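Student: Could we take a close look at the inside of this protein? I would like to see which residues meet there and how that part fits into the rest of the chain.

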Amino acid sequence: EGLEQRYERHRRNHLAFGAGMEAMGMSMHVAAGHRLHALNTPVVPAGIEDMKIRKRLLEGDGIEILGGLGPLAGKVFRVGIMGAGSTKENVLLLLEKMEAALKAEGYAAPSGGRAAAEKYYADTGFSTESKA
């Protein structure tokens, strides 16, 4: 794959994930331009218990995301999108399953996260996957 291509794959998948989260009405804890491409920290929506979402994802879909630590416990999700797991397919699946888990817990997303990420990929020409 090469180092530059790997960096670009992680960057694009991070940006697509962020676009999906924002479309679902969720903000990211870290300001744009200061975020790590491999570790995403969307803010847990008001009225939603992070552990319930994380449990739904793990038990229902085999997807593990973590919660915040210390003062961020219960306030953010920690979502790793890195290495061989940093793929367009995984980002789209994660957004789809995360939106379903949030909906099951009473959160009404203003629009679809997966659709927003697909639009981001289409707009940036990221239509193929690189192998890690």
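**Inside the core**

Tutor: Let's start with Met21, which touches Met26, Met28, Pro42, Leu95 and Met98, leaving out residues up to four places away in sequence. Contact here means heavy atoms within 4.5 Å. Please keep in mind that this is a predicted model, in which local features need pLDDT of at least 70 and side-chain atom pairs count only at pLDDT 80 or more, while totals for chains, interfaces and linings use all residues. Residues are numbered from 1 along each chain as its sequence is written, and side-chain values use heavy atoms, with hydrogens and water left out.

Met21 also appears in the largest nonpolar core, which has 27 residues. A nonpolar core is a set of buried Ala, Val, Leu, Ile, Met, Phe, Trp, Tyr and Cys residues joined through side-chain atoms within 4.5 Å. Buried means under 20% relative accessible area, exposed means over 50%, and partly exposed lies in between (1.4 Å probe, protein chains only). The members that touch the most others are Phe17, Met21, Ile65, Phe77, Met98, Leu102 and Tyr121. Two or more residues come from each of α1 (3–23), α2 (50–61), β3 (77–80), α3 (88–104) and α4 (113–124). Of these, α3 gives the largest share, with seven residues. Helices (H or I, at least four residues) and strands (E, at least two) are DSSP runs, numbered from the N terminus.

Now let's place the core in the whole chain. Four helices and three strands make it up, in the order α-β-α-β-β-α-α along the sequence. Of the 132 residues, 36% are buried. Look also at how contacts reach across the sequence: among those between residues at least 6 apart, 69% join residues at least 24 apart.

Arg56 gives you one such link to follow by eye. This residue sits in helix α2, and its C-alpha atom is 6.2 Å from that of Ala101, although the two residues are 45 apart along the chain. Arg56 touches Asp61, Ala101, Ala104 and Glu105, again not counting residues up to four places away in sequence. We call Arg56 partly exposed because its relative accessible area is 37%.

Finally, step back to the overall outline. The C-alpha trace spans about 40 × 30 × 30 Å along its principal axes. The chain has a radius of gyration of 14 Å, which agrees with the value near 14 Å for a compact globule of 132 residues. That radius is taken over C-alpha atoms, and the globule rule is 2.2 Å times the number of residues to the power 0.38.
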